[in-house]
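Biologist: I should be grateful for a close look at one part of this structure, namely the largest cavity and its surroundings. Which residues line the largest cavity, and how do the residues of the lining divide into nonpolar, polar and charged?

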Amino acid sequence: MELRLPDDVRLHVTATGPVDAEVTVVLLHGWTLDGRSWHRQVADLRERFGDRVRVIAYDARGHGRSSCLTLRDATLAQLGDDLAAVVDEFAPSGPVVLVGHSMGGMTVMEYAHRHPDRFAARTAGLVFVATTAEGHTHTVYGLSPRIARLIRLAETTGAGVLARCGGWRPPHALLRALRPSIRWMLFGDRCDPADIRLVTSAVARATLRSIGGFRASIGAQHRLDTLAALGGLPAAALVGDRDRLTPPPCAESIAAALPTAELTVCPGAGHMLMMERPDEVNAAVASVLRRVLAGPAASGARSAAPAVARRRRRAAGRRVAA
């Protein structure tokens, strides 16, 4: 399916499950990725909940099978507006659970910030996967602060150059050469070869303007205050303890802002949790969904007291086959 936005950008959208399902889950992918990164979660949701749940995944503008964008629109603010349009079009009624990975999680926060009334009226649960509400505050790439500053300088400078390259896409030969670097940056102790191939394929579909253009907005966003105002929504936050882009302090601050959130730390995992630890991500999404399906009394919804205890657990560091 396709959604044409007011600025003529076309979003590629996939949906499974009936339009009148009890709850709609919207899956938002990370920077340079696309909706395919959620394939294990889509399958698990269909198996667990059947027609009770409608599942929507879409490629962000400039990513995957969605069309390109202008440089001025390569911002998280625009992505928040796009999410509002997707919800209005493909989930026009009923409760919605938003699940965001990395840039996708930041998109959810921007939706809440820019459209607070619409967000409050529709959103019944949240799952944040390897994301941050504090820009690049905690990003040190697993290295010393001095080296991290040098890498960030090189990264932001390079992003500025890429942002001006328009709709071109990364050459496949270059991506093959960079595969070891992609693997180091995005994955933890273990990586299924099929997963790195999928990630590389997704990066190959992202335009250079998107790869470079979103970097400034991602690094500058700060939305902890927005999260703190959301009340008692059923929520979960997951992070890998080998995540070089959004390390554990990112998820800890999100969970602190959302007192009802369950925080899960996955030993040995990196940034691509929905691939590296699909069981843990699936369980977190299912837990939030069950609370939403059970109704406001069971979920605590927005009236839940701030004193509700927040559970923290360390997930089993096991590898799950593709």
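Modeller: The answer below begins with the chain, turns to the cavity, and ends with residues around helix H3.

The model is a predicted one. Its chain has 322 residues, of which 56% count as buried. The secondary structure comprises 14 helices and nine strands. Among contacts between residues at least 6 apart in sequence, 84% join residues at least 24 apart. The chain exposes about 13,000 Å², with carbon and sulfur atoms supplying 57% of that area.

As for the cavities, there are four of 30 Å³ or more. The largest cavity holds about 90 Å³ of space. Its lining is formed by Leu-28, His-29, Tyr-58, Ala-60, Arg-61, Leu-79, Asp-82, Met-103, Gly-104 and Thr-107. By residue class, the lining divides into five nonpolar, three polar and two charged residues. Two helices, H2 (76-90) and H3 (103-114), each contribute at least two residues to the lining. The largest share belongs to H3, which supplies three residues.

One of the lining residues, Met-103, also serves as a reference point for a residue elsewhere in the sequence. Arg-215 is separated from Met-103 by 112 residues in sequence, yet the C-alpha atoms of the two are 9.9 Å apart in space. Arg-215 belongs to helix H9, which spans residues 215-220. Since its relative accessibility is 6%, Arg-215 counts as buried, the cut-off for that class being under 20%.

Helix H3 covers residues 103-114, and Tyr-111 falls in that range. The structure holds one aromatic pair. The pair is formed by Tyr-111 and Phe-119, whose ring centres are 5.4 Å apart; because their planes stand at 70°, the arrangement is edge-to-face. The reasoning rests on two cut-offs: ring centres must lie within 6.5 Å for a pair, and planes over 60 degrees apart count as edge-to-face. Both partners can also be classed by accessibility. Tyr-111 has a relative accessibility of 1% and therefore counts as buried. Phe-119, at 2% relative accessibility, likewise counts as buried.

To return to the request, the largest cavity is lined by the residues named above, including Leu-79, Asp-82 and Thr-107, and H3 gives the largest share of that lining.

Notes. Residues are numbered from 1 along each chain as its sequence is written. This is a predicted model: local features need pLDDT of at least 70, side-chain atom pairs count only at pLDDT 80 or more; totals for chains, interfaces and linings use all residues. Side-chain values use heavy atoms; hydrogens and water are left out. Rings of Phe, Tyr and Trp (its six-membered ring) pair if their centres lie within 6.5 Å; planes under 30 degrees apart count as stacked, over 60 as edge-to-face and the rest as tilted. Buried means under 20% relative accessible area, exposed over 50%, partly exposed in between (1.4 Å probe, protein chains only). On a 1 Å grid over the protein atoms alone, a cavity is a set of points where a 1.4 Å probe fits but cannot get out, and a pocket is an open set with protein on both sides within 12 Å along at least five of seven lines; lining residues have an atom within 4 Å of a point. Grid points are joined across faces, edges and corners, and a volume is the space filled by probe spheres set on the points. Helices (H or I, at least four residues) and strands (E, at least two) are DSSP runs, numbered from the N terminus. Ala, Val, Leu, Ile, Met, Phe, Trp, Tyr, Cys and Pro count as nonpolar, Asp, Glu, Lys and Arg as charged, and the others, Gly among them, as polar. Contact means heavy atoms within 4.5 Å. Accessible areas come from the Shrake-Rupley method with a 1.4 Å probe; for residues, only the protein chains shown count as cover.
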